[in-house]
Amino acid sequence: MNPIDFNGLDTAVHGPVRLGIMTALQVDGPLDFTTLKKRLETVDGSLNLHLGKLEQCGYIMGKKAFVALRPRTTYRITATGRRALAHYLASMKSLIEYLEKDGGDGTG
């Protein structure tokens with residue numbers, strides 16, 4: 001029996017940048033674009049792409065404002081995003097536990 005349905009993984013969360021965004025917003029609360037960019041060590045275009053996908057899924061929300069006449073977008077994780085992240089992490093935890101307990105030695 002497979003411990004995890006890899007086809008059922010939420011691809012909107014899976015991946016280093018998206019998982020990093022979701023985790024940062026879950027742990028630290030709302031963060032602006034520049035802070036996320038620095039924390040994740042990524043470029044504007046890539047971060048914009050991933051933020052857009054997460055917003056499209058309803059996992060995060062962006063709020064635009066002007067600070068000292070400069071635009072600033074601050075992102076926060078939504079309740080739907082928290083559930084998606086929790087489900088994703090539970091799936092990964094299940095897989096890790098399976099590998100450590102039953103499948104870690106390559107003999108199954």
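Is Asp 32 buried or exposed? Asp 32 is buried, with a relative accessible area of 17%. The legends below cover this residue and its surroundings in a predicted model.

**Figure 1. Overview of the chain in the predicted model.** The chain contains 4 helices and 3 strands. Read from the N terminus, its elements follow the order α-β-α-α-β-β-α. Of the 108 residues in the chain, 32% are buried. The exposed surface of the chain comes to about 7300 Å², and carbon and sulfur atoms supply 55% of that area. Among contacts with a separation of 6 or more, 52% are between residues 24 or more positions apart. A search of the whole structure gives 3 salt bridges, and these are shown in Figures 2, 4 and 5.

**Figure 2. Salt bridge between Arg 72 and Asp 32.** The N to O distance between the two side chains is 4.0 Å. Arg 72 belongs to strand S3 (residues 70-77) and Asp 32 to strand S1 (residues 31-32), so the pair ties together parts that are 40 residues apart in sequence. Arg 72 is partly exposed, at a relative accessible area of 39%, whereas Asp 32 is buried, at 17%. The cut-off for buried is under 20% relative accessible area. Within the sheet, Asp 32 stands opposite Thr 74 in S3.

**Figure 3. The open sheet of 3 strands and helix H3.** The strand order is S1-S3-S2, and the pairing is antiparallel. S1 and strand S2 (60-67) stand at the edges with a single partner strand each, so one side of each has no neighbour in the sheet. The antiparallel pairing of S1 and S3 rests on 2 bridges. Helix H3 (residues 44-56) lies across S2 and S3. The direction of H3 makes an angle of about 120° with S2.

**Figure 4. Salt bridge between Arg 39 and Asp 28.** The side chains meet at 2.2 Å, N to O. Arg 39 is in helix H2 (residues 33-40) and Asp 28 is in helix H1 (residues 16-28), so the contact ties together parts that are 11 residues apart in sequence. Both partners are partly exposed: Arg 39 has a relative accessible area of 43%, and Asp 28 has 42%.

**Figure 5. Salt bridge between Lys 37 and Asp 44.** What is the N to O distance in this pair? The side chains of Lys 37 and Asp 44 meet at 2.7 Å. Lys 37 is partly exposed, with a relative accessible area of 30%. Asp 44 is also partly exposed, with a value of 37%.

**Figure 6. Helix H1 and the residue that follows H1.** H1 has 13 residues. From its first C-alpha to its last, H1 reaches 17 Å, close to the 18 Å expected at 1.5 Å a residue. Which residues of H1 are buried? They are Val 17, Arg 18, Gly 20, Ile 21, Met 22, Ala 24 and Leu 25. An α-helix has 3.6 residues a turn, so residues three or four places apart point the same way. Val 17, Ile 21 and Leu 25 are among the buried residues of H1. After H1 comes Gly 29, with a positive phi near 85°.

Definitions and conventions. Residues numbered from 1 in each chain as written. Predicted model: local features only at pLDDT ≥ 70, side-chain atom pairs only at ≥ 80, totals over all residues. Heavy atoms only, no water. Buried < 20%, exposed > 50% of the residue type's maximum accessible area, 1.4 Å probe, protein only. Contact = heavy atoms within 4.5 Å. Areas by Shrake-Rupley, 256 points an atom, 1.4 Å probe, with all protein chains shown as cover. Pairing = 2+ DSSP bridges. Axes fitted to C-alpha atoms, helices over the stretch in contact; angles between N-to-C directions. Expected span 1.5 Å × (residues − 1).
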